[in-house]
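User: I am in my first year and would like to learn how the words used for a protein model are justified. Could you take me through this one carefully?

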Amino acid sequence: MPLSPGVERIAVLRSNGIGDLVFALPALAALRSAYPRARITLLGRSWHEELLAGRPGPVDEVVTVPPWRGVGDDREDPDAVEAFFEAMREREFDLALQLHGGGANSNPFVSRLGARLTVGMRAPGAPALDLTFPYIYYQQEVMRLLEVVSLVGATPVELEPRIAVTERDREEARAFLSRMGGTAEDAPIAALNAGAGDTRRRWPTEKFAQVGDALMREGCRVVVTGSSADRPLAAAIEGSMRSTPLIAAGELSLGGVLGLFERSRVVVSNDSGPLHLAAAVAAPTVGIFWCGNLINAGPLFRSRRRPQISWRLDCPVCGVDCTRGSCEHGESFVADVAVDEVTEAAIDLFHSARAGSEGPTSPQALSPLGEPEQQGRGGGQEG
């Protein structure tokens, strides 16, 4: 598709989780390359502004969206919503792109911005925009969003998401490591992340502990990461390990986590925001995936990405096939992923990273040839 003429101001709606932001980075980079003089405004959450402020990247500013059904929050504040849209219409956006989900709620949101041209995804039954791309749930998310921005002439400049790490991020990570035990600047680190917003994507903490002990035997220092809400999981890993890890859960900002991941020889994590942040700073990763989520969120390459896959389709409690229906149970769908397979992949990446191996990260390096939308993957057609 050709470039849209006269574009000076672009709004992009992507107001969901950490991993969702990471998946959108190649599409945002493509927009920046296609429209280098335009001002790109990300309509997102408050933590987007905290993470991206002052950080090199394709976004010029972040504006936090108000509560709106299916877009960030279900608790609507009519006065805040009206004030928001009035302020956005005054900006006179040339393009407004919906990169949020299927469009049932997010397409009306984007339409109210008053942009000259609206573009986005559309699931069956969702309202139309000026230019739409079909939202079909099982599609690799990075490629889905690149396909959307191609409607306005933006072509890929990268396929693996990349996020810049600042000196402030690195200093926060260094300060944490020093405070927690004087880890030397060049000491090898492996990170474990046992959290995930959907409990069905959580690998058992005792299995993480076994991987942690194996990595410690290889000569690295294990750091257990996560948010404040993940502290019980981190404590469970620590209690199950024979050796003593460092506990970073709840101790670092998102920027500090980026700094920690950047210097990690390997990151072992459930399919969650931290896994995708680690990949975005080029850390080698072992991700533990349910097979359905692998389609949407799995890595494109394998030299530094080693997904470990559960092929379970039925709920371990009631037997419902969750590719065709749903149930209220939250038991893990990935608990049967084998410890020895995860350990083998993690140790291999740990030693490969020490040797300095690199994998393809952009189109130039290649040969020619679950959850509601507001929470990320797992049923985004409602957005």
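Analyst: What follows is a set of questions and answers on the terms used for this chain.

Analyst: This is a predicted model, in which local features need pLDDT of at least 70 and side-chain atom pairs count only at pLDDT 80 or more, while totals for chains, interfaces and linings use all residues. Residues are numbered from 1 along each chain as its sequence is written, and side-chain values use heavy atoms, with hydrogens and water left out.

User: How many helices and strands does the chain have, and what makes a stretch count as one of them?

Analyst: The chain has 12 helices and 12 strands. Both are DSSP runs numbered from the N terminus, where a helix is H or I with at least four residues and a strand is E with at least two.

User: Why is the chain called as compact as a globular protein of its length?

Analyst: The radius of gyration, taken over C-alpha atoms, is set against the globule rule, which is 2.2 Å times the number of residues to the power 0.38. For 383 residues the rule gives 21 Å, and the chain has a radius of gyration of 21 Å, which is close to that value, so the chain is as compact as a globular protein of that length. Along the principal axes, the C-alpha atoms fill a box of roughly 60 × 50 × 50 Å.

User: What share of the residues is buried, and what does buried mean?

Analyst: Buried means under 20% relative accessible area, exposed means over 50%, and partly exposed lies in between, with a 1.4 Å probe and protein chains only. By this cut-off, buried residues make up 56% of the 383 residues in the chain.

User: Why is glutamate 92 called exposed, and which word applies to alanine 282?

Analyst: Glutamate 92 has a relative accessible area of 52%, and because the cut-off for exposed is over 50%, the word applies. Alanine 282 has a relative accessible area of 26%, which lies between the two cut-offs, so alanine 282 is called partly exposed. Glutamate 92 is found in the loop between helix H3 (78–90) and S4, and its phi is near 55°, a positive value in a residue other than glycine. Alanine 282, in turn, sits in the loop between helix H10 (273–280) and strand S11 (285–290), and its phi is near 70°, again a positive value in a residue other than glycine.

User: How do you know that S1 and S2 pair, and in which sense do they run?

Analyst: Two strands pair if DSSP finds at least two bridges between them. Five bridges join S1 to strand S2 (residues 39–44), and the two run parallel, so the condition is met. Among the bridge partners is arginine 39 in S2, which belongs to arginine 9. Isoleucine 40, also in strand S2, lies 31 residues from arginine 9 in sequence and 6.2 Å from it in space, C-alpha to C-alpha. With a relative accessible area of 0%, isoleucine 40 is buried.

User: What makes S3 and S6 edge strands of their sheet?

Analyst: The open sheet of six strands has the order S3-S2-S1-S4-S5-S6, with parallel pairing. Strand S3 (61–64) and strand S6 (131–134) each have a single partner strand, so one side of each is left without a neighbour in the sheet. Within this sheet, strand S4 (residues 95–98) and strand S5 (residues 117–122) pair in the parallel sense over four bridges, and leucine 97 stands opposite valine 119 in S5.

User: Which strands stand at the edges of the sheet that holds S7 to S12?

Analyst: This open sheet also has six strands with parallel pairing, in the order S9-S8-S7-S10-S11-S12. Its edge strands are strand S9 (246–247) and strand S12 (308–310), each of which pairs on one side only. Strand S7 (residues 189–193) and strand S8 (residues 221–225) pair in the parallel sense over five bridges, and alanine 190 has valine 222 in S8 as its bridge partner.

User: Why is S11 described as largely enclosed?

Analyst: Six of the six residues of S11 are buried, so the strand is largely enclosed by the rest of the structure. Both faces are covered, with Thr285, Gly287 and Phe289 buried on one side and Val286, Ile288 and Trp290 buried on the other. Four bridges join S10 to S11, which run parallel, and valine 268 stands opposite valine 286 in S11. Valine 268, which lies in strand S10 (residues 264–270), is itself buried, with a relative accessible area of 0%.
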